[in-house]
Amino acid sequence: MEKITSLAKRRGFVFQSSEIYGGQSGAWDYGPLGVELKNRIARNWWKEMTQLHDEIVGLDAAILMHPRTWEASGHIENFTDPLVDCKKCKARFRADQIPPECVSEKKCPECGGELTGVRKFNLMFKTHIGPLESNDESNIIYLRPETAQGIYVNYKNIIQSNRMKLPFGIAQIGKAFRNEIVTKNFIFRTCEFEQMEMQYFVKPGTDVEWFNEWKKRRWAYYEKLGVKMERLRWHQHGADELAHYAKDAYDIEYLFPMGWKELEGVHNRSQYDLTRHTDYSGKDLQYIDQDDGNRKYIPFIIETSAGLTRTLLMLLCDAYDEEKVADKGNEDDYRTVLRFHPTVAPITVAVLPLQKKDGLAELAHDIRAALREDFATDYDQGGAIGRRYRRQDEAGTPFCVTVDYETKENGSVTLRFRDSMNQVRLPRAELAPRLFQEIKTYKRTK
Ligand code: GAP
């Protein structure tokens, strides 16, 4: 993880928030490569959910919601972590993340000092809205701890405006906030993060079938993204782990450098949320099933909930490779390479003139200009060509185009592949179609 954190900073993927003030824990900033990667992961997921499904539509709901939302959702009552403090060294722990005997014997796992009893700590960030005094309880508002609720409260609007019929889904990507007690392991668990959530509304009695179907689809999604599948596994929540809303839940776990950890959750939220919103809002949230004699019922909800920022960390870990390369006759030469799938790589193609002089730079600019409408491009003319390839390898750029003297003579360029380091020569005019084809047929081999 140290290597990945340092590469992420050095190459401008992720910076610590407010670093010049000593940093803000639980918050991170995404630099030029990081924001491109994040946007591409989001776009890829969005495409998977909306473009590739007739019956899934999108939504972008507000982060600030009516406070009753969180009473209805159960978050005010139940969205808590068990907390203990060491009276001696002042360290703070989640009681469920330290050995149980430390909690029962009230013994600090770090210094052996005395621990406090377990307190429930609500993870929602609370703030105030409007020009009232901050101690006024009437103006409390929360930063949403999950994007899902914005979907539930809009479910009727979407049925009506888009004439949706069960089963159908609503997808959303957005920020969520949790006052996490422990924020370590880089961007794995942060106080401000992004989620990619999809809520699938189904007829009661079909929920188990749809739950299994979405488990399959989400597994296939990571396969398509080229993730090392041996680093993924399912974990079913035991009764003691199930969230207050869940009837059944499975996590897709990834083998991060610090061990197997949750990447995404697939949840059968049953009728919990819509029933609660019916009770708290007084609005009828039943679905009228025209295909079943206008029967009225509350649909079941199957949720797929992935962290966007956590997926970014997963992809950084999954793509990271150090490889011995003897291409310059130097047996000890290593390269660091990020083997991103081309659909999520921050830069798709870099154009590199062999030399700045003799009109090669101008020619390379011209070739880049022809590609940039369709691809995320970069241009680099500084330093030896080998070093420039290494820089692109480290950024995860799958393709480099080299412009040399032959380009001047006959218009051909060299296309270099990041993973194999193989090169092919082709006419300029064939570059864009070839890149489209390479992206479409990409298979990770290493
Ligand atoms: N709507 C359901 C829900 O929020 P969750 O298991 O609490 O379920 C879903 O969160 C996903 O959101 C997790 O699998 C993880 O990828 C991401 N996530 C949750 N808390 C996070 C945090 N503090 N920092 C980064 N990502 C987080």
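This passage describes the surroundings of the ligand and one strand hairpin in a predicted model. Local features were taken at pLDDT of at least 70 and side-chain atom pairs only at pLDDT 80 or more, whereas totals for chains, interfaces and linings use all residues. Residues are numbered from 1 along each chain as its sequence is written, and side-chain values use heavy atoms, with hydrogens and water left out.

The ligand is surrounded by 20 residues, a residue being counted if one of its heavy atoms lies within 4 Å of the ligand. The closest are Glu 146, Glu 180, Glu 197, Glu 262 and Glu 303. By class, the shell holds 10 charged residues (Asp, Glu, Lys and Arg), 4 nonpolar residues (Ala, Val, Leu, Ile, Met, Phe, Trp, Tyr, Cys and Pro) and 6 polar residues (the others, Gly among them).

A polar side-chain atom of Glu 180 lies 2.8 Å from a nitrogen atom of the ligand. For Arg 269, a side-chain N or O atom is 3.4 Å from a ligand nitrogen atom. The protein buries 94% of the 560 Å² that the ligand exposes when taken alone (Shrake-Rupley method, 1.4 Å probe). Two or more residues of the shell come from each of the strands β10 (192–202), β13 (259–270) and β16 (300–307), strands being DSSP runs of E with at least two residues, numbered from the N terminus. The largest share, 6 residues, is contributed by β13.

Elsewhere, β22 (residues 412–417) and β23 (residues 423–427) run antiparallel and are joined by 5 bridges; pairing requires at least two DSSP bridges. Leu 415 has Val 424 of β23 as its bridge partner. Between the strands of this hairpin there are 5 residues, and Met 421 takes a positive phi near 65°.

How values were computed:
A polar contact is a pair of N or O atoms within 3.5 Å; within protein, one must be able to donate a hydrogen and the other to accept it, and residues adjacent in sequence count only if both atoms are side-chain atoms. Helices (H or I, at least four residues) and strands (E, at least two) are DSSP runs, numbered from the N terminus.
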